[in-house]
Amino acid sequence: QVQLVESGGGLVQAGGSLRLSCAASRSIFSINTKGWYRQAPGKQRELVATVTSGGITNYADSVKGRFTISRDNAKNMAYLQMSSLKPEDTAVYYCNVRGPGNTWNYWGQGTQVTVSS
């Protein structure tokens with residue numbers, strides 16, 4: 001079993017920045033997609049961004065141009081750089097790693113991001 005641990009969340013004013021990190025407890029099969037999802041109170045979990053092992057990225061329209069996802073394959077790390085934060089970005093952010101064809105799928109415990117107006 002792989003454990004994912006997120007860090008870097010916190011309270012920030014609107015317009016500010018935060019960088020989230022996701023660390024895996026052990027090596028993961030290198031061909032995978034890493035992603036960040038978020039869930040606000042009373043809402044469903046939604047995709048924020050994903051990046052494949054080949055470096056192909058995908059972003060939710062609401063974060064395009066403001067967030068950047070990246071990964072370090074050697075360190076089994078994933079990152080989410082968030083800039084120009086808005087109050088509507090407030091949510092619990094979850095790290096996810098999934099294998100080819102979703103044959104396996106791991107989630108972190110989440111980290112709270114709160115953006116004040």
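Select Asn76 to begin, which is found in the loop between S7 and S8; here helices (H or I, at least four residues) and strands (E, at least two) are DSSP runs, numbered from the N terminus. The coordinates belong to a predicted model, in which local features need pLDDT of at least 70 and side-chain atom pairs count only at pLDDT 80 or more, whereas totals for chains, interfaces and linings use all residues. Residues are numbered from 1 along each chain as its sequence is written, and side-chain values use heavy atoms, with hydrogens and water left out.

**Two positive phi angles**

Asn76 has a phi near 55°, a positive value in a residue other than glycine, and at 11% relative accessibility it counts as buried (buried means under 20% relative accessible area, exposed over 50%, partly exposed in between, with a 1.4 Å probe and protein chains only). Most residues other than glycine have a negative phi. Move next to Ser84, in the loop between S8 and S9, where phi is near 50° and again positive in a residue other than glycine. Ser84, at 41% relative accessibility, counts as partly exposed.

**The open sheet**

Now display S1, S3, S8 and S7, which in that order form an open sheet of 4 strands with antiparallel pairing; two strands pair if DSSP finds at least two bridges between them. The edge strands are S1 and S7 (67–72), each of which pairs on one side only. Neighbouring strands of this sheet are turned by 15° against each other on average, direction ignored, where axes are lines fitted to C-alpha atoms, for helices over the stretch in contact, and angles run from 0 to 180 degrees between N-to-C directions.

Stay with strand S1 (residues 4–7) and show its side chains, which alternate: Leu4 and Glu6 point to one face and are buried, while Val5 and Ser7 point to the other and are not. S1 runs antiparallel to strand S3 (residues 18–24), and 4 bridges join the two. To follow the register, select Ser7 with its bridge partner in S3, Ser21, and then Glu6, which stands opposite Cys22 in S3.

**The disulfide**

Cys22 leads on to the 1 disulfide that the structure holds, a disulfide being counted as a pair of cysteine sulfur atoms within 2.5 Å. The partner of Cys22 is Cys95, and their sulfur atoms are 2.0 Å apart. The pair links distant parts of the chain, with Cys22 in strand S3 and Cys95 in strand S9, 73 residues apart. Both cysteines, Cys22 and Cys95, are buried, and with -80° about the S-S bond their link is left-handed.

**The nonpolar core**

Select next the largest nonpolar core, a set of buried Ala, Val, Leu, Ile, Met, Phe, Trp, Tyr and Cys residues joined through side-chain atoms within 4.5 Å. Of its 29 residues, Leu4, Trp36, Val48, Phe67, Leu80, Met82 and Tyr93 touch the most other members. The elements giving two or more residues to this core are S3, strand S5 (46–52), S7, S8, S9 and strand S11 (111–116). Centre the view on Met82, which, leaving aside its neighbours within four places in sequence, is in contact (heavy atoms within 4.5 Å) with Gly16, Ser17, Leu18, Leu20, Arg66, Phe67, Tyr93 and Val113.

**Salt bridges around Asp89**

The structure holds 4 salt bridges, each being a side-chain nitrogen of Lys or Arg within 4 Å of a carboxyl oxygen of Asp or Glu. Select Asp89 with Arg38, whose closest N and O atoms are 3.0 Å apart. Asp89 lies in the loop between strand S8 (77–82) and strand S9 (91–98) and Arg38 in strand S4 (residues 33–39), so the pair ties together parts that are 51 residues apart in sequence. Add Arg66, which also forms a salt bridge with Asp89, the closest N and O atoms being 2.8 Å apart. Arg66 lies in the loop between strand S6 (57–59) and S7, so its pairing with Asp89 ties together parts that are 23 residues apart in sequence. Arg66 and Asp89 are both buried, and salt bridges that share partners join Arg38, Glu46, Arg66 and Asp89 into one network. Then turn to Lys64 and Asp61, a salt bridge with its closest N and O atoms 3.1 Å apart; Asp61 is exposed, with a relative accessible area of 65%.

**Last stop: Arg45**

Finish at Arg45, in the loop between S4 and S5, which is partly exposed with a relative accessible area of 34%. Beyond its neighbours within four places in sequence, Arg45 is in contact with Tyr37, Arg38, Gln39, Tyr94 and Trp107. Arg45 and Val92 are 47 residues apart in sequence and 9.0 Å apart in space, C-alpha to C-alpha.
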